[in-house]
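Hi,

Here is the structure I said I would pass on. Have a look at it first, and my notes follow underneath.

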Amino acid sequence: MNLPRNTIFLKIFKYFFILFLFVSASFAVYSVSTQKQMLLNSLEIEVKNINKLVVFVLSDALILNDSSRIVDFLTEYIKNNEKLENVIISKMDKSYFIIKNDSWTYDNKIPQEFTALEKDTETSILLKSSILNEEVFHYVYPIYFSGVQWGWIHLSMNLDEYNNRLTTFYLGFITFFCILFVVFLFISLFISKSISKPIIALNNMANKISKGDLKLRSNYKEDDEVGELSQTFNNMISAIDETQTQLKLSHEKLEDRVSQRTKDLDNTNKLLEIKTTELEELNKSLDKKVKQEIEKRIQQESILVQQSRLAATGEMIGNIAHQWRQPLSLITTCASGIKLEKEFGISIEQNEIAKLNTIIQSSNYLSKTIDDFRNFFKPNKEKSYFSIEEMTDQSITLVSASFAFHYIKINKNFKKIERVFGFPNEFSQAILNVLANAKDVLVEKEIKNPYVNINIYENEEFGFLEIEDNAGGINPDILIKIFEPYFTTKEKNQGTGIGLYMSKMIMEKNMSGKLTVENTTLGAKFIFAIPKK
C-alpha cells in the first residue's frame, strides 16, 4: 500500500495509532493486574486451607508447648507439600521455630520483614525471604486459644506455579496483541486515507487560488462536514473578489488611521513615563519601610534574648535555692550546736573541730555551686567542639536539687559518641529550658512517680539528645505552636513563653542544628540534633 506523504494523512493515522496504543496499554495493565490478583487469590485460598489444617492438628501441641511434635509434623508436612517452603511458629515470648524442608532451628529472633507482618489480623504479601533467599508468597495468621493470643504462624509458599501461569498468560497476550496490532494498522491506514483524501484535494485547490487563480471551485458534494467545508470554500472564493475591492478602499484610509495610532502611542508613552516615576517613588518608600521593619525585628529579637536571659536567671536562682537549702541548714545546725555547748559548758574541742570542718565543707560546696552557676552564664564567643554527655551532666547537676525536691527521677542512657560542634554554654541553656519545662509540667499535672528519660546517641552527621517526660504528652492542637514566642499554657505569673522559642533559636540559628518535639506513649519527647562538624 502506497502511503501518501501529506501531513493531514499522517496526523490522522498518528491519532488512530495513539488511540490504539492507549487502549491496548490500558487493557494490558488491567488484564495483567487482574490475572495477578486472581493467581494471588488462588494462592491465598490454598495457604489458608493449609493454615487451618496445621493449626487444627497442632492445637494440642501448641498449647502444651510440645516442641518435638510441632517440629516432626511440620517437617514431614513440608516434605509432602511441594508448594510449602517454610513454616515459622512465632510465640508471644519472642521464641521461634523456623522449619524448612531439610532443616529446622529454634531461635529467639527472626528477620525484621517477618515480625513487621505480625498483626491482630491475618496478612499475606509477596516478599523476598531472607531465610529462603527467594521471593515467596508469605502468609501470617494470629493464633488464639480461649480468646488469648498465643502467637503467630508464618507460611511461605513458592511461586513456581504462579510464575509459570503468568509466563503463559504473557505469551498468549503478546501473541494476541501482535495480531491486533497488524489488524489495527491496516484499519488505521484505510480510515486515514478515506478521511484525508477530500481534505488534501481542498488543500491543493487552495494553493492554486493563493497564486491568483480565482476561477477554481471544489466539486466535492458529499453530505458531511467536508462537503460543508467545500461549499463554504467556494463561497469564500466568491467573496474574495468583493474583499479585494473593499481592501483598496481601506488602504486609502490606512494612512489616516496610522497617524491617529501614532498620536495615541505617544500619549500612552507619556502616561507610562508618569507611572514609572510613581513606581520608583513607591520603591523608595518601600525600601524605607523594609528597613524600619528589619530594625523593629532586630529590637524584638534583642528583647526576646534579654527576656530569655532574665527567665533563665530566675530559674537558676530557684535552682540555687534548692542547692543551698541543705548546706545552709547543716551550717546553721553546727553553729547552733557549738553555741549551746559553749553556753552549757559541755563543749569538747574535738566535737567543735568536727562541726567546724562540717561548716567549712558546706561553705566550700556553696562556693562551688556559685562557680557552677556563674560558668553557666558565661557566653561562648566562638564555636568549639564539646561533649554532649559532659554538658548534659553539667545541666543535670544544676537542676538536680530542684528535681529531687519534687521527687522527679532522672534516668540517663548515654552512649559514648563523638564530640559535636557549636556553643556549649548556649546548648546547656537550651537543655535547661527543656528540663525546666518538663519539671513544671510534671509538677502541674501531679504525676505519680514522675521521671525524665535522657538518651544520647549519634548518626554520621549529628549527635542526638532526647529528653522525654511521662506527663502524658502535649495537646495536638497546640503542638505546632509550642515553639512560638510568648506562647505558653501556664499562668501569666508562672511563665513567659520564650524558653522553648529561645531553645529552638539557639539550636537552629546559632548552632545550625535542629530541635523538634513529638508525643510518645509516655509523654512529650524533645529531640536535639547537633552537627559534628
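β12 and β13 make a hairpin, with 4 residues between the two strands. Strand β12 covers residues 514-519 and strand β13 residues 524-531, and they pair antiparallel over 6 bridges. Within that pairing, L515 sits opposite F528 of β13. For the terms: strands (E, at least two residues) and helices (H or I, at least four) are DSSP runs numbered from the N terminus, and two strands pair if DSSP finds at least two bridges between them.

Before you go further, note that this is a predicted model, where local features need pLDDT of at least 70 and side-chain atom pairs count only at pLDDT 80 or more, while totals for chains, interfaces and linings use all residues. Numbering runs from 1 along each chain as its sequence is written, and side-chain values use heavy atoms, with hydrogens and water left out.

The hairpin belongs to an open sheet of 5 strands with mixed pairing, in the order β8-β10-β11-β13-β12. β8 (409-414) and β12 are the edge strands; each has a single partner, so one side of each has no neighbour in the sheet. On average, neighbouring strands here are turned by 15° against each other, ignoring direction. Further in, strand β10 (residues 451-458) and strand β11 (residues 462-469) run antiparallel, joined by 7 bridges, and N455 stands opposite E466 in β11. Helix α7 (residues 388-405) packs on this sheet and touches β8, β10, β11 and β13, its direction making about 170° with that of β8. Contact here means heavy atoms within 4.5 Å; axes are lines fitted to C-alpha atoms (for helices, over the stretch in contact), and angles run from 0 to 180 degrees between N-to-C directions.

Now the rings. Phe, Tyr and Trp (its six-membered ring) pair if their centres lie within 6.5 Å, with planes under 30 degrees apart called stacked, over 60 edge-to-face and the rest tilted. That rule gives 13 aromatic pairs. F169 and Y170 are a tilted pair, because their centres are 6.2 Å apart and their planes at 55°. Y457 and F464 have centres 5.1 Å apart and planes at 15°, so they count as stacked. Y457 is partly exposed at 27% relative accessibility, whereas F464 is buried at 14%. (Buried is under 20% relative accessible area, exposed over 50%, partly exposed in between, with a 1.4 Å probe and protein chains only.) F169 and Y170 also join F27 and F173 in one aromatic cluster.

Cheers
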